[in-house]
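Here are a few worked exercises to try with the model open in your viewer. Have a go at each task before you read its solution.

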Amino acid sequence: MHDIRTIRDAPESFDTAMARRGLSGISTQVLALDNERRAAIQRAETAKADQNAASKQVGAAKAAGDEALFESLRATVAAKKAEVAEMEVQAKSLDQQLTDLLLTLPNVMDDVVPSGRDEADNTEIHRWGTPASFDFTPLEHYQLPAARGLDFATAGKLSGSRFVVLRGAMARLHRALAQFMLDIHVTEHGLEETNAPVLVREEAMYGTNQLPKFAEDSYQTTNGWWLIPTSEVTLTNSVRESVIDEGDLPIRLTAHSLCFRSEAGSAGKDTSGMLRQHQFEKVEMVSITKPEDSGAEHDRMTGCAQNILERLDLPYRVMLLCEGDTGFGARRTHDLEVWLPGQNSYREISSVSNTGDFQARRMNARFRSEGAKPEFVHTLNGSGLAVGRCLIAVLENGQQADGSVALPAALSPWIGGKTVITANGELA
């Protein structure tokens with residue numbers, strides 16, 4: 001969310017920033033509503049002052065025995081009271097309209113974000129690993145004999161499309177990957193493991209900018225809870241309405257959770273396999289920092305996700321997203337794209353974003369230095385990693401000509417020393 005004072009002070013700069021988001025001259029609309037709101041507040045305050053003045057005169061008229069003036073002033077006070085009530089309602093309504101408008105405006109992007117319209121204009125900033133050469137045509141994950149434990153038919157009967165039941169080796173490998181990620185993040189990357197609800201109140205979804213813009217992408221229960229699209233929501237909102245001591249920053253959190261997305265607007269995309277699901281699991285990373293530290297923290301978090309991929313020996317590249325591909329709440333985003341030989345392409349497996357104080361303002365999350373006024377924190381989030389997509393990458397990159405899958409050596413302690421999934425779908 002944006003500070004209205006910043007827009008008032010520098011409307012041209014704000015319009016320039018929003019123009020990068022495809023919005024033209026938005027400050028005019030914002031400031032017109034802000035001026036109307038401020039005028040309504042001023043009118044209400046003036047009417048209130050008139051009411052108070054008349055109230056004082058009522059007592060004086062009564063004491064003086066001037067019955068006619070007393071009744072006249074009583075009528076004036078009653079009229080002013082009704083006027084004040086009406087004006088306060090108007091001011092409150094205009095204030096809510098301004099808040100609603102500001103909630104729909106995207107974050108200001110970092111100056112380093114390149115220009116461009118879509119993912120084709122993203123900039124590659126790092127590449128690791130060499131995609132393996134196969135002496136056979138590599139298959140996609142759901143076509144592999146070893147992956148017979150991916151049961152889409154049963155999931156379809158239970159829940160419909162974009163769901164999967166994991167059985168046997170697939171279920172165990174999926175679990176091992178999540179535990180591997182968590183353990184590395186906790187023991188080596190210094191993140192605090194957290195287990196939080198997957199059902200949250202509406203204000204939590206507003207806090208991390210899923211609402212109001214992305215309501216159709218999420219699921220809501222009949223009693224008003226929302227199912228989280230990622231544990232970014234719970235981890236980041238853990239500091240909402242808080243003033244944190246400077247010495248307690250940075251706060252670095254990680255969680256493995258179920259995630260739920262309606263995938264609105266993705267009809268026809270990735271319909272085969274488990275690349276795009278309504279229910280999936282992720283290991284999420286969230287950092288809460290001082291403003292001056294968030295740039296370095298963004299790079300550190302990207303490095304944490306890179307380390308997971310490298311230890312699994314999965315080739316990947318890091319992309320700096322362009323203007324047209326940077327998410328609504330982000331100032332700057334790094335996408336990590338893993339190589340999938342079955343698709344002969346790189347696909348996103350992690351998105352690491354610095355949101356600056358954008359979410360902190362929505363949550364009223366601040367920190368205090370000794371002797372100073374509270375300031376808004378900066379919040380960052382990123383996948384570390386998407387577990388299902390990591391499963392896909394391990395299967396496709398490890399596939400063998402005989403239909404088996406060789407597993408990454410780094411996973412051995414988390415999977416009972418097993419090194420292969422046979423063509424019969426069994427761990428060996």
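**Exercise 1.** Find which backbone nitrogen lies 2.9 Å from a polar atom of the side chain of Asn354, then describe the surroundings of Asn354.

*Solution.*
Step 1: That nitrogen belongs to Gly356, 2.9 Å from a polar side-chain atom of Asn354.
Step 2: Place Asn354 in its element: it sits in strand E13, residues 345-354 (strands are DSSP runs of at least two residues, helices of at least four, numbered from the N terminus).
Step 3: Check burial. Asn354 counts as buried because its relative accessibility is 6%, and buried means under 20% relative accessible area with a 1.4 Å probe, protein chains only.
Step 4: List its contacts (heavy atoms within 4.5 Å). Leaving out residues up to four places away in sequence, Asn354 touches Ser294, Gly295, His298, Ala330, Arg331, Arg332, His378, Thr379 and Leu380.

A word on ground rules: this is a predicted model, where local features need pLDDT of at least 70, side-chain atom pairs count only at pLDDT 80 or more, and totals for chains, interfaces and linings use all residues. Numbering starts from 1 along each chain as its sequence is written, and side-chain values use heavy atoms, with hydrogens and water left out.

**Exercise 2.** Work out which strands sit at the edges of the open sheet that includes E7.

*Solution.*
Step 1: Get the order: three strands run E5-E7-E6, with antiparallel pairing (a pair needs at least two DSSP bridges).
Step 2: The edges are E5 (199-200) and E6 (219-220), each pairing on one side only.
Step 3: Look at one pair: two bridges join E6 to E7, residues 226-227, and Gln220 stands opposite Trp226.

Note on methods
Buried means under 20% relative accessible area, exposed over 50%, partly exposed in between (1.4 Å probe, protein chains only). A polar contact is a pair of N or O atoms within 3.5 Å; within protein, one must be able to donate a hydrogen and the other to accept it, and residues adjacent in sequence count only if both atoms are side-chain atoms.
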